[in-house]
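Trainee: I should like to understand the terms applied to this structure. May I ask for the reasoning behind each of them?

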Amino acid sequence: MDLTFSERESAFRDELRAWFAANDPGPQPGGSSDSDAHYAWRRDFQRRLYAAGWAAPHWPVEYGGRGATLTESAIFFEELGRARAPLPANVLGILLGGPTLMAWGTDEQKDRFLGPILSADEIWCQGFSEPDAGSDLAALKTRAVRDGDGWLVTGQKVWTSGAQHAKWCMLVARTDAEAARHKGLTYFLMDMEQDAVQVRPLRQITGESEFNELFIEGARIPDDNVVGGVGNGWKVALTTLMNERAGLAFFLQVRMRRLLDDLIGEAAARGLLGDDLVADRLGALHVKAEILRLTAYRGLTAIEKYGQPGPEGSLTKWMWSEANQELTELAADLLGPEVLVAGSRWGYELLRARGNSLEGGTTEILKNIVAERVLGLPRVRG
Amino acid sequence: MNFDFSEDQRTIKATARELLASRSPFERVREAAEAGRYDGALWRELCELGWPGIAIAEEHGGQALGAVELAVLLEELGYAVAATPLLGSALAALAIQHAGSDAQRARWLPGLASGELTGGFGRGELVADAQEAAVIVVVDDAAARVVTGDEARVEPIDAIDPTRRYARVQGDGEPLGGAGSALASVVPDRATCAVAAELVGVCQRALDMTVAYLKERKQFGVPVGTFQAVQHRCAQMLLHTEGARSAAYFAAWAADAAPERLPEAAGLARAAAGDAGRRGTPSAIQAHGGIGFTWEADVHWLYKRAQLDAALLGSAASARSALARLVAAR
C-alpha cells in the first residue's frame, strides 16, 4: 500500500500543472452552458490541449494519446478540474467513442475517425436512450433496415448531449426485429449532417438545454459505419458504457471538492463554523468527498492490478451524486434565500444537481446492479 | 498510487480469516459471551501465533510490523467478533510503543507481545479489556496515562456487547512517556485506525451474513433477496462498508507512512467507520426479518460490537466538526 503518487505519476502531474499554468483556460463565458460562446470555449480549449498532446492522455500513443495509465488519466482529470478548465468539447468522442472504436473498429474506421475526435474537428454524440428505453436500454425501438449497400434508420433518441454540434452519433438500432431483445441490435456511426436527422433541444429544469431529442426519418448509414458487426450492438454498447465513468469521476470529484471548499469558506466568513451543528454537516460532506476520492483510487488499483474493478468500482458514481446533491441542499439551507436567485451560482447548482442521480444511470438502477452483480443477490428483472 | 495490500499482508489476512472461521465460529462466540468470559483456548492460540505483538518492536519481543498489518488482523477479528482481549492489549501496546518512555516500554511490551500479560485501553468511562489487565492506558483529550492493573480501580460495565469485557477505570498511574511528554497526542489517532479496522470487519460480516440469508430465505415463493427494497438496503450496506474501508485503510497507511496526515485520516476513519457500524449493522437485523431480532440468530453480536466500537472511537459528530474547521483553516 502506497497512497502517494509514484515518481512517474508525480512527474506526469507536474508537467500537466506547468502546462495548465501557462495555458489558463480563462473564465467561463457568461450566459448558460448551452450557449455558442460556451461551446466555442470548450472546443478552443480542446484544440490547445490537442496541440500540446494532452487531448486524450489515456489513448495509446499510436492513436495520438500518451499511453497514460489509469492513475495518470485520473490525475489528468483532477488537474483539469483544478485548473478550472472545461471538459473538452468532444468529451464523448474522447472517453466513449474512441475507446469503443479501438476495441471493436476496423483498421479503416480507426484511421478515419480517431484523429478528428482528438482535434475536435468532428464532435461526437451518443444515441442510446429513447423515450421508452431509458434504464432499460435493450427495449430500444429505433430500426435500421437494409437499403442497398447501407442502412436506413428511423426512430427517436433522447438525452443526446452535444447533438447540435455533433458530426457523428454513436447509434444503437434494431436490425433484426425477430431476434431476442439484446440480440438483433447493431452499433452504427451515423452522420448527423443529413436532413433525415432533426435535433430538437430539450429544455431542462435549469432552463438550459444540454440535451436534445433526435428525430430520425430514414437516415442513411453506409455499411462501412457498422461497428463490431451486424447484430453485435449490445456488446459494443456495453464497451461504451463501461468507459463512461472511469475518468469523468475524477473530474466531477474535483469539481465537487471545489464547491465544498467554497461553501466551507463562505460559512466560515459568515461566522457559522462556530456552530457545532453547522460544522458537523459541513464535516459530513468533507468525509463523503474524501471517501469518494479514496474509493475512486482504490477502484483504479483493483483494475490496474487485477484487470477488473472490485466492489468499490460500482459505488463512486452513486457516492458522488448523493454528496453533490446534499452539498447544494446544505448551501441553500446555510446561505439562505440570497443564493436562490435564478441564475446565481448556488441557485444553478441546486437545480443542476438533481440530474446527478439520473444521468449516466439512475441511483436506483445502480443499486440494482450493485445488489445483483457485486453482492450476487438473485435477479428479478427480465 | 497503490491501494492494495502487499503479498505478506494478503497472506496474513487470508490466514487470519481461515483460522478464525475454524476456531471462532459463532457457536464459540456465543458460548464465551453467554458465560461472560473470553475464549481462552482461542486466545492461547493467537498468542502462540504472535498476534498480540504484531506491531510491537522486535527488541521487545514483537513482530515489528505496522499499523496496516494490525488493521488487517483486527478487521478479521471483527469479522469473527472473536471473544479475546486482543484489542485492549494491542492498543495498550501501541500506545506504549509509540508514546511511552524507555522504562515503560521495557516494563510492559515484552509481556504484552507474548500475551503473557494483557492490556486495557480506552477513555476512563469506557475501557476495553480492563479486567485482569496488567496495564491499562487511559486517554483523555489532553493526555494519556499508564495505570497498572494493581493500582487501577476497575469497575466492570455490563455492556450490551457481551463478546468483550468493558469497564470504567480510575487511577492516577503515570503519564505515558513520562512527565510532560508531548507524544501522547498520537495515541488516540493510532487507536482509531485499529478500532476502525475492526468495525470494517464487523460491517463486512453483517453484509455477508445478510446476503447469504437473503438468497436462502423464501417468501411469496421466491428468495427474499429478489425484492428490490431489500436489495437496495444491501447495496447501502456495501456503500457504508466500502466507504469505511477506504477511510480505515488510508488511516492505517498514514500511521505507518505519512504521520503528518494521520490526524486528518484518523478523523475520517472515526466518522466513516462509526457511521458504517451504527447504520450498517442495524440493516442486517432488519433484513433478517423477525428472526434477526432473536437471540438465536447471530447478527445481534455484530450490531452490539459495532455499538461499542463506535463508542470507543468517540463521537463521529465531533470528528466531523473538527474536520470542517480543519478545512476552513487551511
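Trainee: How many residues does the contact take from chain A and from chain B?

Mentor: The contact takes 53 residues from chain A and 43 residues from chain B, where contact means heavy atoms within 4.5 Å. Please note that this is a predicted model, in which local features need pLDDT of at least 70 and side-chain atom pairs count only at pLDDT 80 or more, while totals for chains, interfaces and linings use all residues. Residues are numbered from 1 along each chain as its sequence is written, chains are lettered from A and ligands numbered from 1 in the order in which they are written, and side-chain values use heavy atoms, with hydrogens and water left out.

Trainee: What confidence does the predictor give to the complex and to chain B?

Mentor: The complex receives an ipTM of 0.96 and a pTM of 0.94 from the predictor. For chain B the average pLDDT is 96, and 99% of the residues score at least 70; pLDDT is the predictor's confidence in each residue, from 0 to 100. Where pLDDT is low, predicted coordinates should not be read in detail.

Trainee: How much area do chain A and chain B bury between them?

Mentor: About 4300 Å² is buried between chain A and chain B, 67% of it on carbon and sulfur atoms. Buried area is the accessible area (1.4 Å probe) that two parts lose on being put together, summed over both. A:Met1, A:Leu3 and A:Arg298 supply 20% of the area that chain A buries against chain B, more than any other three residues.

Trainee: What makes the pair A:Asp280 and B:Arg320 a salt bridge?

Mentor: A salt bridge is a side-chain nitrogen of Lys or Arg within 4 Å of a carboxyl oxygen of Asp or Glu. The closest N and O atoms of B:Arg320 and A:Asp280 are 2.4 Å apart, and the pair is therefore a salt bridge. The pair crosses between chains, from helix H11 (residues 316-329) of chain B to helix H8 (residues 276-306) of chain A; helices (H or I, at least four residues) and strands (E, at least two) are DSSP runs, numbered from the N terminus. Between chain A and chain B the count is four salt bridges.

Trainee: Which other contacts are counted between chain A and chain B, and which helix gives the most to the side of chain A that touches chain B?

Mentor: The count is 20 residue pairs in polar contact, both at pLDDT 80 or more. A polar contact is a pair of N or O atoms within 3.5 Å; within protein, one must be able to donate a hydrogen and the other to accept it, and residues adjacent in sequence count only if both atoms are side-chain atoms. On the side of chain A that touches chain B, H8(A) gives the most, with 18 residues.

Trainee: Why is A:Glu72 called buried, and A:Arg8 exposed?

Mentor: Buried means under 20% relative accessible area, exposed over 50%, partly exposed in between (1.4 Å probe, protein chains only). A:Glu72 has a relative accessible area of 3% and is therefore buried, whereas A:Arg8 is exposed because its relative accessibility is 53%. The two side chains meet in a salt bridge (2.7 Å, N to O). This pair links helix H1 (residues 7-22) and helix H3 (residues 70-82) of chain A, 64 residues apart.

Trainee: How do you know that B:Glu198 and B:Arg164 tie together separate parts of chain B?

Mentor: B:Glu198 lies in helix H7 (residues 186-216), and B:Arg164 in the loop between strand E5 (153-157) and strand E6 (166-170), so the pair ties together parts 34 residues apart in sequence. The closest N and O atoms of this salt bridge are 2.9 Å apart, and both residues are buried.

Trainee: Why is B:Val81 called buried, and B:Glu132 exposed?

Mentor: B:Val81 counts as buried because its relative accessibility is 0%, and B:Glu132 counts as exposed because its value is 79%. Phi is near 45 degrees for B:Val81, a positive value in a residue other than glycine. Phi is likewise positive for B:Glu132, near 70 degrees.

Trainee: Where is A:Gln46, and what lies 2.9 Å from its side chain?

Mentor: A:Gln46 is in helix H2 (residues 36-51) of chain A. A polar atom of its side chain lies 2.9 Å from the backbone oxygen of A:Leu118. A:Gln46 is buried, because its relative accessible area is 0%.
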